[in-house]
Amino acid sequence: MTELLDDDRAVDVVSSEVVFRGAVWDIRRDRFAYGDGEITREYVDHSGAVAVLALDEDGRVLLIKQYRHPIRARDWELPAGLLDIRGESPLIGAQRELAEEADVVARDWRLLSDFFTSPGGSNEAIPSISHAASASPPRRSSEPRRSCTSRSAGYRWTRSSLLCLVVPSAIRSCPSPCSRPRRHEPAVG
């Protein structure tokens with residue numbers, strides 16, 4: 001039986017340029033050799049991000065609700081954020097985001113997996129970091145939250161109750177192999 005694994009492939013990048021500089025990330029255009037020709041692709045050149053699968057002593061998952069403008073919704077999601085501090089490691093970033101977004105500190109950190117959020121249009125890779133148990137909340141910082149999309153609430157859910165919400169698409173932003181595409185109305189035209 002063949003192993004199901006992604007295949008990293010180095011290609012000859014003929015040219016690469018930033019075609020748009022944004023406040024959070026840039027748009028890059030690469031031209032690269034592939035097969036017998038060349039292909040040009042534009043994509044979000046992402047600074048990197050972290051997501052935290054935070055489990056408490058009872059194995060419940062911590063989710064927060066945040067407004068996400070591109071989808072025009074407040075959605076339930078894992079605590080997550082940008083790696084936007086120069087030289088910050090993913091572990092330190094994950095610890096910072098968990099404290100900033102959920103007022104929680106954790107022990108027993110370990111890498112769960114790496115995943116690409118949208119590999120056809122972005123190079124964003126998120127190292128999801130898991131912890132086994134939460135500890136006491138950190139002291140409140142006097143610094144204001146850095147983003148208007150900061151969390152508005154945090155709740156703990158059992159993994160089985162989350163699966164029941166993800167499968168019927170009640171929650172749409174948690175990456176899951178069992179989530180279904182959203183139903184769309186037929187195009188009118």
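R72 is exposed, with a relative accessible area of 58%; residues count as buried under 20% relative accessible area, as exposed over 50%, and as partly exposed in between (1.4 Å probe, protein chains only). The exercises below refer to a predicted model, in which local features need pLDDT of at least 70, side-chain atom pairs count only at pLDDT 80 or more, and totals for chains, interfaces and linings use all residues. Residues are numbered from 1 along each chain as its sequence is written, and side-chain values use heavy atoms, with hydrogens and water left out.

**Exercise 1. Backbone angles in two loops**

Locate R72 and D103, and state what is notable about the phi angle of R72 and of D103.

Solution.
1. R72 belongs to the loop between strand 5 and strand 6 (73–77); helices (H or I, at least four residues) and strands (E, at least two) are DSSP runs, numbered from the N terminus.
2. Although R72 is not a glycine, its phi is positive, at about 55°.
3. D103 sits in the loop between helix 1 and strand 8. This residue, again not a glycine, has a positive phi of about 55°.
4. D103 counts as buried because its relative accessibility is 15%, whereas R72 is exposed.

**Exercise 2. Order of elements and surface of the chain**

Give the number and order of the secondary-structure elements, and describe the accessible surface of the chain.

Solution.
1. The chain contains 2 helices and 10 strands.
2. Read from the N terminus, the order is β-β-β-β-β-β-β-α-β-β-β-α.
3. The accessible surface, computed by the Shrake-Rupley method with a 1.4 Å probe (for residues, only the protein chains shown count as cover), is about 13,200 Å². Carbon and sulfur atoms account for 54% of this surface.
4. Of the 189 residues, 30% are buried.
5. Contacts require heavy atoms within 4.5 Å. Among those between residues at least 6 apart in sequence, 51% join residues at least 24 apart.

**Exercise 3. The pairing of strands 1 and 2**

Describe how strand 1 and strand 2 are joined, and characterise V13 and F20.

Solution.
1. Strand 1 (residues 13–20) and strand 2 (residues 26–34) run antiparallel and are joined by 6 bridges; strands pair if DSSP finds at least two bridges between them.
2. A hairpin of 5 residues connects the two strands.
3. The bridge partner of V18 in strand 2 is R28.
4. V13 lies in strand 1 and is partly exposed, at 42% relative accessible area.
5. V13 forms a nonpolar surface patch with V11 and Y34, with about 250 Å² of accessible area together. Patches consist of residues with over 30% relative accessible area and no salt bridge, like charges being joined within 9 Å and nonpolar side chains (Val, Leu, Ile, Met, Phe, Trp, Tyr) within 5 Å.
6. F20 is also in strand 1, and its relative accessible area of 48% makes it partly exposed.
7. Leaving aside residues up to four places away in sequence, F20 touches D26 and I27. The C-alpha atoms of F20 and D45 are 9.9 Å apart, with their positions 25 residues apart along the chain.

**Exercise 4. Salt bridges**

State how many salt bridges the structure holds, and analyse the pairs R28 with D45 and E100 with R96.

Solution.
1. Side chains of opposite charge can pair when their charged atoms come close. A salt bridge is a side-chain nitrogen of Lys or Arg within 4 Å of a carboxyl oxygen of Asp or Glu, and the structure holds 12.
2. R28 and D45 form one of them, at 2.8 Å from N to O. This pair links distant parts of the chain, since R28 is in strand 2 and D45 in strand 3 (residues 37–45), 17 residues apart.
3. E100 and R96 form another, at 3.6 Å from N to O. Both residues lie in helix 1, 4 residues apart, about one turn of the helix.
4. E100 is partly exposed at 27% relative accessibility, whereas R96 is buried at 14%.
5. D84, E88, R96, E97 and E100 are linked in a network of salt bridges.

**Exercise 5. The nonpolar cores**

Identify the residues that touch the most other members of the largest nonpolar core, and the elements that supply two or more residues to this core.

Solution.
1. A nonpolar core is a set of buried Ala, Val, Leu, Ile, Met, Phe, Trp, Tyr and Cys residues joined through side-chain atoms within 4.5 Å.
2. The largest core has 13 residues, and V52, L62, A94, L98, A102 and W109 touch the most other members.
3. Strand 4 (49–54), strand 5 (61–68), helix 1 (90–102) and strand 8 (106–116) each give two or more residues to this core.
4. A second, separate core has 5 residues, including L55, V61, W76 and L162.
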